Amino acid sequence: MENSQVNYDTLIPNNVGLSEDRRVLKALEKWHPGYIDWWKNMGPNGFQESQVYLRTAVGVEKNGWAQFGYVKMPEYRWGVLLAPQVENRTISFGNHKGEAAWQEVPGEYRAILRRLIVIQGDTEPASVEQQRYLGQTAPSLYDMRNLFQVNVEEGRHLWAMVYLLQKYFAADGREEANMLLQRRSGDIDKPRMLGTFNEETPDWLSFFMFTFFTDRDGKMQLESLAQSGFDPLSRTTRFMLMEEAHHMFVGETGVGRVIQRTCEAMNEAGITDPYDIDRIRALGVIDLPTLQKKANLHYSLSLDLFGSEISTNAANAYSAGIKGRYNEEKIDDDHLLHNDSYPVLKMVDGKIVTVQENALTALNMRLRDDYIADASKGVGRWNKIIQKAGVEFELVLPHTAFHREIGEFGNTFCSPEGELISEDTFQERRNDWLPSSDDGAFIQSLMHPVTAPGEYAGWIAPPRIGIDQQPGDFEYVQLDEASA
Ligand SMILES: [Fe+2]
Ligand SMILES: [Fe+2]
């Protein structure tokens, strides 16, 4: 029985009728201890005994799905939550357009579906691993709580993908579910599947940039999987997107608050030149050019997550009705794309040019363009903060070809402005465009924990409103003696 009520009586909260699905319940109960082990070993370092003011999903309807309360992270109620089933839902794109959405995995698409679910699933624990030491340098209890909220929800997203593997894929699904607990971010022998998820998240600015840029890739991937003809995948990703919105919020407001604090400090000190870096840093805030470099790094790493511009895998997944486009149902075309073209940035004869390509094989490029448009809006809001403070500086997204590892520009060297350059020139200018070790050391020097309720580190402004409307001095994390 599936409905919008979440059953909290079972070990694994769910709205998928797990107690009547003995086989899957057993498989998940068997997987559960390994997950808790993983969380304790690879989740937030310290703070496992602290009471954290977290939201837990108690329903799946748009309004009122979350409930706030203190919980110790290892006792968080990770569950399996699917958005409500849309009655008579049909597939809206690809060769099966108009057919009823599938409630089971079509045999012919089993391999491709499993691959997509495993790749998505692998990113979820990876980011928790990347962020595991940040609690120790949180600039406030508010920020610490937001970090842990993101972490437990990424953990839940892993559950979401593991449920699909255990329920719809037999022994190989079980095997994949176990592997998801074995790979480790940054491990040379058993790394996470995607390069970006093996990078370090060494400081809080990286965390905010990561949630802004890299979680946004996650959002775009989930949006296109939410279109899937495989209904359980569509429903689970639709619910994940409701949680994901908070991750975007943490990133955007996090960077926004850093910008605000920097501008305020510059104004108070009468510094008008944003490139007067030594004087600005002496104020204990992060200069805007360094913020730009951090953005350049996280943006370019995130663009790599979209894969090759031209991809037959993407075309096949679309034609099969498994992975759609962003806002598929709002797009006014035939949703088959057999005769359509799409402009793609390519390297031709040593130049970056736009080439019309088959729209089906260019779907990764299209999703990346949608991502860029979405990210640009957030950057625009950051620039509003700078403008409002009267500081003359503008953050910009670098050119798509800048600092890329994957796709058309994986082997080229390009400036942030889009000028092709030699490798030597790139290396000479590298520290002007990407965070240098000095920049990293400076940021690191600011990373001292602030744990008194209502207080904030000097490099970041307080938020405008509290989580769950709580007052400014709310104790978002009750530190236990061991970690205080
Ligand atoms: Fe996630
Ligand atoms: Fe996320």
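Start by selecting Tyr342 and Glu357: Tyr342 stands opposite Glu357, which belongs to strand 4. What you have open is a predicted model, so treat this as a walk through a prediction.

**The hairpin**

Widen the selection to residues 341-348 and 351-358. These are strand 3 and strand 4, which run antiparallel and are joined by 8 bridges. Now click on the turn. Strand 3 and strand 4 make a hairpin with 2 residues between them, and Asp349 in that turn has a positive phi of about 50°.

**The open sheet**

Next, pick out residues 51-57, which make up strand 1. Which strands flank strand 1 in its sheet? The order is 2-1-5, in an open sheet of 3 strands with antiparallel pairing. Colour residues 66-72 and 477-478 to see the edges: strand 2 and strand 5 each pair on one side only. Strand 1 and strand 5 are held in register by 2 bridges, again in the antiparallel sense. To find that pairing on screen, show Val52 and its bridge partner Val477 in strand 5.

Keep the sheet visible and add residues 141-168. That's helix 3, which packs on the sheet and touches strand 1 and strand 5. The direction of helix 3 makes about 40° with that of strand 1.

**From helix 3 to helix 4**

Now bring in residues 171-180, helix 4. How do helix 3 and helix 4 lie relative to each other? They pack at an angle of about 155°, with axes 7 Å apart, and are therefore roughly antiparallel. To light up the contact, select Leu158, Val162, Leu165, Gln166 and Tyr168 on helix 3, then Gly173, Arg174, Glu176, Ala177 and Leu180 on helix 4. Colour them by type and you'll get 6 nonpolar, 2 polar and 2 charged residues.

**Helix 2 and a buried aspartate**

Leave Leu180 on display and select residues 110-130, which form helix 2. Try a distance between its end C-alpha atoms: they are 31 Å apart, which agrees with the 30 Å that 21 residues should span at 1.5 Å a residue. Helix 2 is mostly covered, with 15 of its 21 residues buried.

Zoom in on Asp122, which sits in helix 2. Is Asp122 buried or exposed? It is buried, because 21 other C-beta atoms lie within 10 Å and the cut-off for buried is 20 or more. Setting aside neighbours within four places in sequence, the contacts of Asp122 are Leu180, Arg183, Arg192 and Met193. For a last stop, draw a C-alpha to C-alpha line from Asp122 to Met193: they are 71 residues apart in sequence but 6.6 Å apart in space.

Notes. Residues are numbered from 1 along each chain as its sequence is written. Chains are lettered from A and ligands numbered from 1 in the order in which they are written. This is a predicted model: local features need pLDDT of at least 70, side-chain atom pairs count only at pLDDT 80 or more; totals for chains, interfaces and linings use all residues. Two strands pair if DSSP finds at least two bridges between them. Helices (H or I, at least four residues) and strands (E, at least two) are DSSP runs, numbered from the N terminus. Two residues are in contact if their C-beta atoms, placed from the backbone, lie within 7 Å. Axes are lines fitted to C-alpha atoms, for helices over the stretch in contact, and angles run from 0 to 180 degrees between N-to-C directions. Angles under 35 degrees count as roughly parallel, over 145 as roughly antiparallel, 65 to 115 as roughly perpendicular and the rest as oblique. Ala, Val, Leu, Ile, Met, Phe, Trp, Tyr, Cys and Pro count as nonpolar, Asp, Glu, Lys and Arg as charged, and the others, Gly among them, as polar. The expected span of a helix is 1.5 Å times one less than its number of residues. A residue is buried if 20 or more other C-beta atoms lie within 10 Å of its own, exposed if 12 or fewer, and partly exposed in between; C-beta atoms are placed from the backbone.
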